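User: I would like to learn how to read a model of this kind, feature by feature, and to see each idea applied to a case.

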Amino acid sequence: MTDGLDDADYCYRHPGRQSWILCQRCGRTICPECQIQAPVGVQCPECVAEANGGRAPRWTPASGSAPRASKAASNVTAFRRTPRWQQWLKRFFSPGSSAPVVSIVVIALTALVSIPTLLTGIPGLFLYADPSTSVQVWRYFTSAFVVLSPLSLILNAVFFMLIGPTVEQMLGRARFATVLASGAAVGASAMLLSGGAAAGLTGAMFGMFAAYFVIGRSMGANMTQFIVIMGLNVILTLVVSPAYIFMLVGGAIGGGGAAWLFFWHRDKGTRNARLPYLHILAGVAGFIALAIIRSLVS
């Protein structure tokens, strides 16, 4: 998987090393040290080991160093000896994997929180946000996992998984998670600013939708159909639960703003990778501060 913003990802064996090269066999990102020259392109140590019947490979890395027995060889052998379910988990969560890890984790956490909450009221009681708990900052983020209707839970999961994996692949896991967190927190803040309580994925989802719009516009795509679909969702929200329009708008501002900042810093050529995250954090903190002040003075 390549990163939609800078076309770079991280080596699946060395998470701290960025690379633009993919294994020609499995498609995972590999750094120069892990690149083994094949008849066509390069392959990773695991794929070469599999092709050689599990024998540890020897190679000259693409970085040009002398031939050597790689430390990766022992790692490959150890990996192959682990149980298959552990191999699957390692591949699934590997930075080089194309699996929509964040999307799946978000829906799983929402189900794990919402189902017991619907039955007993716990743990949602300690996670949703309202004016009386406005100073408990974690609630602005955790309220997204508290869905208070079985139908809403099903619909949220369906709509989220329709677009979430695509946006996650375009942005990368860290940026996608930031977009969701920003949408959830700003959406919850907007609800508290309106005097209501915040619960549900509406803020995070519309933050994701807004991010998708920002990505599409930056790529010059025709977003007319997407705008129509989002317009229908806004109308549906106004009909079914008018108060949640504040969370919807807030979520779109939070998620869309976060995506815009990522692209703005990219176009500006910002060298400090942490800077866009700090700017997003400052914006989210500002909205939360306004919600707390509004709740305390009312």
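The dialogue below takes up confidence, overall make-up, salt bridges, aromatic pairs, a buried threonine and a surface patch.

User: How should the confidence of the model be read, and what is the mean pLDDT of the protein chain?

Analyst: This is a predicted model, in which local features need pLDDT of at least 70 and side-chain atom pairs count only at pLDDT 80 or more, while totals for chains, interfaces and linings use all residues. Residues are numbered from 1 along each chain as its sequence is written, and side-chain values use heavy atoms, with hydrogens and water left out. The term pLDDT stands for the predictor's confidence in each residue, on a scale from 0 to 100. Where pLDDT is low, the predicted coordinates should not be read in detail. In the protein chain the mean is 85, and 86% of the residues reach 70 or more.

User: Where in the protein chain is confidence lowest, and where is it highest?

Analyst: Helices (H or I, at least four residues) and strands (E, at least two) are DSSP runs, numbered from the N terminus. Confidence is lowest in strand 6 (residues 68–69), at a mean of 46, and highest in helix 5 (residues 139–142), at 98. Over residues 1–7 pLDDT stays under 50, and for this stretch the model has 28 contacts beyond four places in sequence, a contact meaning heavy atoms within 4.5 Å.

User: What does the secondary structure of the protein chain come to, and what share of its residues is buried?

Analyst: The protein chain has 11 helices and six strands. A residue is called buried under 20% relative accessible area, exposed over 50% and partly exposed in between (1.4 Å probe, protein chains only), and buried residues make up 45% of the 298 residues. Among contacts between residues at least 6 apart in sequence, 62% join residues at least 24 apart.

User: How is a salt bridge recognised, and how many does a search of the whole structure find?

Analyst: The rule asks for a side-chain nitrogen of Lys or Arg within 4 Å of a carboxyl oxygen of Asp or Glu, and the search finds two such bridges. In one of them Arg 28 is joined to Glu 46, with the closest N and O atoms 3.2 Å apart. This pair links distant parts of the chain, 18 residues apart, with Arg 28 in the loop between strand 2 (18–19) and strand 3 (36–37) and Glu 46 in helix 1 (residues 45–51). Arg 28 counts as buried because its relative accessibility is 10%, and Glu 46 is buried too, at 8%. The side chains of Arg 266 and Asp 267 also meet in a salt bridge (2.8 Å, N to O); here Arg 266 is partly exposed, at 37%, whereas Asp 267 counts as exposed, at 56%.

User: How is a pair of aromatic rings described, and how many pairs are counted here?

Analyst: A pair of aromatic rings is described by the distance of the centres and the angle of the planes. Rings of Phe, Tyr and Trp (its six-membered ring) pair if their centres lie within 6.5 Å, and planes under 30 degrees apart count as stacked, over 60 as edge-to-face and the rest as tilted. By this rule the count comes to five aromatic pairs. Trp 260 and Trp 264 form a stacked one, at 6.1 Å centre to centre with 20° between the planes, and both lie in helix 10 (residues 245–268), four residues or about one turn apart.

User: Which pair is formed by Phe 262 and Tyr 277, stacked or edge-to-face?

Analyst: Phe 262 and Tyr 277 are edge-to-face, with 5.1 Å between the centres and 70° between the planes. Phe 262 lies in helix 10 and Tyr 277 in helix 11 (residues 275–297), so this pair ties together parts that are 15 residues apart in sequence. At 4% relative accessibility Phe 262 counts as buried, while Tyr 277, at 29%, counts as partly exposed.

User: Which residues does Thr 202 touch, not counting residues up to four places away in sequence?

Analyst: Thr 202, found in helix 8 (residues 202–218), touches Tyr 244, Met 247 and Leu 248 on that count. Thr 202 and Met 247 are 45 residues apart in sequence and 6.5 Å apart in space, C-alpha to C-alpha.

User: Finally, which residues make the nonpolar surface patch?

Analyst: Patches are made of residues with over 30% relative accessible area and no salt bridge, with like charges joined within 9 Å and nonpolar side chains (Val, Leu, Ile, Met, Phe, Trp, Tyr) within 5 Å. Accessible areas come from the Shrake-Rupley method with a 1.4 Å probe, and for residues only the protein chains shown count as cover. Here Trp 85, Trp 88, Leu 89, Phe 93, Val 105, Leu 109 and Leu 112 make a nonpolar patch of about 740 Å². Helix 3 (84–93) and helix 4 (101–120) each supply at least two of its residues, and the largest share, four residues, comes from helix 3.
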